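Good morning, and thank you for coming. I should like to take you through one structure today, moving from its loops to its aromatic residues and its cysteines.

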Amino acid sequence: MSLAKKLASQTAIYGVSSILGRTVSFLLVSVYTERFAAAEYGIVTGLFASVSFLNVVFTYGMETTYFRFANRPLTDRRELYDRTLTLLLLSSVVLTLLLMILARPLTGLLSLPPGHEHYAYWIAAILGLDALAALPFARLRLENKARKFAAIRLANIALNVGLNLFFIVACPDILDGKYLSTLQPLVRAIYDPSIGVGYIFISNVAASAFTLLLLGRELTDFSFRLNLEPLRPMLKYAYPIMLMGLAGMVNETLDRILLPRWLPEGFYPGQSSLAAVGVYGACYKLSILMSLVIQAFKYAAEPFFFAQSTDQNSPRTFALVLKWFTLCCAMLFVGVSVNLDIVAQLFLRSPEYLQGLAVVPVLLLANLFLGVYWNLSVWFKLTDKTYYGTYISFGGAVLTIALNFLLIPLLGYMGSALATLACYFMMAALCWWLGERHFPVPYPVARLLIWLLIAVAVVAVSWYAPVAPGWGRYGFHALLTMGFVGLVAAVEGRRLRSI
């Protein structure tokens, strides 16, 4: 139980940067949806979907590999860090330059209007800078320096948000004479209105560069060691993780790339395909609240799982972790889905975006199953059978592509959301089934499925109950949310106290 408390403590610290910090960044959705039309925001959605996909290529599984090899007996962690960072440094430079050279054909593949090649240069810079920061961040996690990790992440987010607000809100308002008109000459010198949504990418580049400055000690405290022979076993371990990550990004982001291509013209009256991507992308942001919880948990859990791999009680610990992770995510799923009308009013400032709200509960539940899959995947990482993760992820990728192809023409972006849910549920179920045969863990599967069914039923009642809009409906939704949380606390809290 003390181990679970330690994991919860570490997750809370990482959550300061991953949840609190990115929640502040998430508030920018209201700025984007107020300042940009859906078609413009569709450009941002498509490009950042590509960033998520290419980020896997730029880091190629070396973070997880670093954790695995650093926890092996007699490993010289300093030498391991030097070799790994040298490799990432060289590959990041090569891949960044290659992406810049291929800027024109890549923007064409994403169905972007002509003349947006400079966006690809900014994307390449973001990817290269973030890849260089990946291993120093992993080192902080390995050394349990969660507070420094969180502080640097928060500084990155603060600068990114600040620059977004400055270029997208303050500069246009000052030029329009709404306030601080004396600063107009200065603003004209540093601000170009024609860049528009491009300032979102420029802000990201600046924040990523600032992050490298804050990681200066970790970046300069290494020796350049280019020796491929010791890296061979690491690369052998890493490449299935990279393939697994690529397949995972297919599952997570490809829908926003495929949507403008497979959506029939005029499917949404008066709206272009790129505008539909913007609507879907904005609503997808609401479901990312679940992803933030999962990300914070991953930062703490990955080194924790590897550190506990030799403990004879580790299966029981893993089962306890999955149980409470799933219950916490189920409460978040209910809280956001039931009160979505309030959440939407806060973040989707233009009525143009509200038509896509129905996808949010589906995507929240999909991300919940993704988190469950990530917990269950501990068995193939600890047994060095990462190729199973590759098989599972590629199976999910095939299912994602097939269902998007079948459902987008019929259901639009709801088809993409359902494809995501089906994919992550299948991956979690398959991972559990294989894990039972290779690394048995006493997961309370039936009990957790019952809780998830109850959560889905509560959300369905909130959506379809004939309660008139207004304060009565808000109160009804609040009672449903508190009722579910209270039920979980009453039933499972007693079991936790007994442990």
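**Loops, helices and rings in a predicted model**

Let me begin at Leu180, which is found in the loop between H8 and helix H9 (184–190). Please keep in mind throughout that this is a predicted model. Is Leu180 buried or exposed? Leu180 has a relative accessible area of 51% and is therefore exposed, the cut-off for that class being over 50%. The backbone deserves a remark here as well. Most residues other than glycine have a negative phi. Leu180 has a positive value, with phi near 50 degrees.

A second residue with a positive phi is Tyr60, where the angle is near 35 degrees. Tyr60 is placed in the loop between helix H3 (38–59) and H4. Unlike Leu180, which is exposed, Tyr60 is buried, at a relative accessible area of 11%.

From that loop we may step to helix H4 itself, residues 62–70. How many of the nine residues of H4 are buried? Eight are, so the helix is largely enclosed by the rest of the structure. The buried residues are Met62, Thr64, Thr65, Tyr66, Phe67, Arg68, Phe69 and Ala70.

Let me now widen the view to the whole chain. The secondary structure comes to 21 helices and zero strands. The protein chain has 499 residues, and 54% of them count as buried. Its accessible surface is about 21,500 Å², with 67% belonging to carbon and sulfur atoms. If we take contacts between residues at least 6 apart in sequence, 85% of them join residues at least 24 apart.

I turn next to helix H8 (residues 146–175), in which Phe167 lies. Phe167 is buried, with a relative accessible area of 13%. Which residues does Phe167 touch, once those up to four places away in sequence are not counted? They are Pro172, Ile190, Tyr191, Tyr199 and Ser203. One further distance may help you to place this residue: Phe167 and Val197 are 30 residues apart in sequence, and their C-alpha atoms are 9.6 Å apart in space.

Ser203, from that list of contacts, is in helix H10 (residues 198–214). Its relative accessible area is 0%, and Ser203 is accordingly buried. Leaving aside neighbours within four places in sequence, Ser203 is in contact with Asn160, Leu163, Asn164 and Phe167. What lies 2.8 Å from a polar atom of the Ser203 side chain? It is the backbone oxygen of Tyr199.

That brings us to the aromatic residues. A pair of aromatic rings is described by the distance of the centres and the angle of the planes. The structure holds 23 aromatic pairs. In one of them, the rings of Tyr32 and Tyr41 have centres 5.9 Å apart and planes at 35 degrees, so this pair is tilted. The pair formed by Tyr191 and Tyr199, by contrast, is stacked, at 5.3 Å centre to centre and 20 degrees between the planes. Tyr32 and Tyr41 are buried, and Tyr191 and Tyr199 are buried also. You will recall that Tyr191 and Tyr199 are among the residues touched by Phe167.

There is also an aromatic cluster, formed by Phe267, Tyr268, Tyr280, Tyr284 and Tyr413. A charged residue is placed at one of its members: Arg256 lies over the face of Tyr284, 3.8 Å from the ring centre. A further example of this arrangement is Arg153, which lies over the face of Phe137 at 4.2 Å from the ring centre.

Finally, the cysteines. How many disulfides does a search of the whole structure find? It finds zero. A disulfide is a covalent bond between the sulfur atoms of two cysteines. Why does Cys329 not form one? The closest cysteine sulfur, in Cys328, is 7.0 Å from the sulfur of Cys329, which is too far for a bond; the cut-off is 2.5 Å. Cys329 is buried, with a relative accessible area of 1%. Another cysteine, Cys431, counts as buried at 0% relative accessibility.

To close, I return to the overall picture: a chain with 21 helices and zero strands, holding 23 aromatic pairs and zero disulfides. Thank you for your attention.

Notes. Residues numbered from 1 in each chain as written. Predicted model: local features only at pLDDT ≥ 70, side-chain atom pairs only at ≥ 80, totals over all residues. Heavy atoms only, no water. Phe/Tyr/Trp six-rings, centres within 6.5 Å; stacked < 30°, edge-to-face > 60°. Buried < 20%, exposed > 50% of the residue type's maximum accessible area, 1.4 Å probe, protein only. Lys NZ or Arg CZ within 6 Å of the ring centre and 35° of its normal. Helix = DSSP H or I, 4+ residues; strand = E, 2+ residues; numbered from the N terminus. Contact = heavy atoms within 4.5 Å. Areas by Shrake-Rupley, 256 points an atom, 1.4 Å probe, with all protein chains shown as cover. Polar contact = N/O pair within 3.5 Å; in protein donor to acceptor, adjacent residues only side chain to side chain.
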